[in-house]
Amino acid sequence: MASIPEYYAGKNVLITGATGFMGKVLVEKLLRSCPDVKALYILVRPKAGQSMKQRVSDMMKCKLFDRVREENPDFHQKIVPISSELTQPGLSISAADVERLTACVNIVFHCAATIRFDEPLKHALQLNVIATQQLLSLAQQMHHLEAFIHISTAYANCNRRHIDEVIYPPPVEPKKLIESVEWMDDGIVRDITPRLIGDRPNTYTYTKALAECVVQQEQDKLNIGIIRPSIVGASWQEPFPGWIDNFNGPSGVFIAAGKGILRTMRANNDAVADLIPVDVVINLTLAAGWYTAVHRPKTALVYNCTTGGINPFHWGEIGEYHHVMSSFKRNPLEQAFRRPNANITSNYLINQYWILVSHKIPAFIYDLFLRLCGQKPQMMRIFNRLHKAIHLLEYFSSQDWEWNSENMSMLMGQLTPEDRKTFNFDVRQLNWPEYIENYCIGTKKYVLNEDMSDIPAARQHLRKLRNIRYAFNTLLVVFIWRVFIARSQMARNIWYFVVSLCFKFLSYFRASSTLTN
């Protein structure tokens with residue numbers, strides 16, 4: 001049986017979402033680990049005043065492609081951009097390009113989707129469901145197609161606690177829903193969205209569940225595999241540790257905590273934060289493409305790509321004395337607002353207290369200072385955006401799920417020792433302290449574009465913030481003493497009583513230690 005690189009040799013691959021986070025990693029991995037792949041056709045749309053060719057050119061200049069660039073400076077010649085728009089009929093692919101794709105494509109990787117949790121339902125349906133339908137229609141016309149791999153999410157069925165590697169019945173028939181919302185005004189759709197999504201937390205998980213159903217309906221005509229990653233984070237090993245290029249998911253939380261902006265978060269400390277490195281997802285995706293094409297399973301195989309049941313990482317490990325905070329104290333971000341320190345609590349009232357004390361009051365004071373200096377206030381706006389983002393995450397940070405991963409284990413057993421090393425998705429090998437350290441450094445280097453040589457200055461800034469905090473606390477104690485205690489005999493008596501108790505406790509502790517020795 002051909003190895004994975006041997007299988008992809010000479011193959012034409014179509015990739016949607018290639019300019020996104022996961023798509024870029026998929027393109028890079030294919031070019032580097034399967035150097036004999038014939039061509040990568042990527043669907044791209046013009047965006048933000050940039051043409052399709054400009055977007056692809058900018059993508060290939062990314063540091064992510066440095067290793068490929070060293071090994072093959074002409075790698076860009078294998079990338080063939082195809083103009084497309086997922087929100088348009090027929091994906092807005094020209095007739096000439098349709099003919100070109102249907103004549104040569106062997107494998108399709110469908111990565112494109114909107115991942116916004118608060119996306120309006122109509123738009124989420126268009127991008128996640130209707131676009132998938134249209135891509136499947138195009139795939140059925142491809143004369144040499146061997147596999148269609150769809151990237152879903154482990155949270156598509158988050159209304160269940162135990163999730164097997166099966167496609168569950170959809171909450172509603174996708175075709176009927178699409179036909180219903182087509183004629184509705186956007187306001188009406190917005191009003192009925194909560195009732196439609198039911199016990200799912202947002203339109204993202206709802207439409208991804210519908211997309212799985214749409215894909216399953218074509219399993220008699222196509223060889224299909226579905227990948228369900230959990231919370232996709234920075235790279236673990238490839239092409240280098242800690243690569244990340246966006247603020248989505250945990251990255252934004254980590255950066256906000258590292259900057260000292262995020263001081264409290266509502267989460268269950270013991271709940272699993274099911275992080276999965278992006279290179280693990282991509283390695284599994286390429287292996288699943290190989291397996292689907294070679295073995296041609298009779299039904300669509302689902303792969304739950306998660307870490308929680310195998311090698312868990314918990315939300316509580318973000319806090320003050322754990323991996324994330326300690327990492328940002330060793331490698332601080334530049335111009336931090338405060339020293340990194342986060343309080344993780346599942347209690348609503350305690351969380352609201354810390355939001356008031358650690359977020360809203362400091363933001364108000366800082367904005368007042370900016371106004372007095374003639375500058376535009378900004379901190380309250382930043383905190384409001386942060387609270388909105390954290391609120392969207394609360395559903396996932398406050399509970400646990402159990403995912404079956406038998407297909408993932410089965411696929412690993414099908415690989416040769418060499419392929420298992422090259423396309424490693426064995427999360428049992430993942431060392432969380434090391435991974436989180438690299439993740440935090442990655443947000444500094446690749447998201448914020450900060451220079452590692454400036455770390456001494458950033459540490460000095462943290463020391464300055466610590467001294468300011470000590471000075472402020474001292475002044476606060478003096479103020480409280482002068483205003484509340486010094487003016488009341490009863491308050492002074494209580495104060496002296498508490499201080500004397502503390503001294504007695506210390507004396508007792510010291511005497512006990514001496515006797516023990």
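In this predicted model, one aromatic cluster brings together Phe117, Tyr155, Tyr204, Tyr395, Phe396, Trp401 and Trp403. Across the structure, the count of aromatic pairs comes to 22. One of them joins Tyr353 and Trp354, whose ring centres sit 5.2 Å apart with 70 degrees between the planes. That makes the pair edge-to-face, because planes over 60 degrees apart fall in that class. As for solvent, Tyr353 is partly exposed, at 47% relative accessibility, and Trp354 is partly exposed too, with a relative accessible area of 31%.

Back in the cluster, Tyr395 and Trp401 make a pair of another geometry. Their ring centres lie 5.9 Å apart and their planes meet at 45 degrees, so this pair is tilted. The two partners land on either side of the line between buried and partly exposed, which is drawn at 20% relative accessible area. Tyr395 has 21% relative accessibility and so counts as partly exposed, whereas Trp401, with 9%, counts as buried.

What does UniProt say about this part of the chain? According to an unreviewed UniProt entry, residues 359-450 carry the feature "domain: Fatty acyl-CoA reductase C-terminal". In the model, this span is 70% helix and just 2% strand. From one end to the other, its C-alpha atoms are 25 Å apart.

Then there is the second largest pocket, which holds about 960 Å³ of space. Its lining is made up of 22 residues. Nearest the centre of this pocket are Arg263, Arg338, Pro362, Arg469 and Phe472. By character, the lining splits into 13 nonpolar, five polar and four charged residues.

Which helix gives the largest share of that lining? The answer is α13, with eight residues. This helix covers residues 348-372, and α18, covering 455-485, also supplies at least two residues of the lining. On the level of domains, at least three lining residues come from domain 2 (243-273 + 313-450) and at least three from domain 3 (457-516). Put together, the picture is of a pocket with a lining drawn from both domain 2 and domain 3, and with α13 as its main helical contributor.

Note on methods
Residues numbered from 1 in each chain as written. Predicted model: local features only at pLDDT ≥ 70, side-chain atom pairs only at ≥ 80, totals over all residues. Heavy atoms only, no water. UniProt positions renumbered as here; feature names shortened; annotations may be inferred. Helix = DSSP H or I, 4+ residues; strand = E, 2+ residues; numbered from the N terminus. 1 Å grid on protein atoms, 1.4 Å probe; cavity = no way out; pocket = protein on both sides within 12 Å on 5 of 7 lines; lining within 4 Å. Points joined across faces, edges and corners; volume = space filled by probe spheres on them. Nonpolar A, V, L, I, M, F, W, Y, C, P; charged D, E, K, R; others polar. Domains from an automatic or database assignment. Phe/Tyr/Trp six-rings, centres within 6.5 Å; stacked < 30°, edge-to-face > 60°. Buried < 20%, exposed > 50% of the residue type's maximum accessible area, 1.4 Å probe, protein only.
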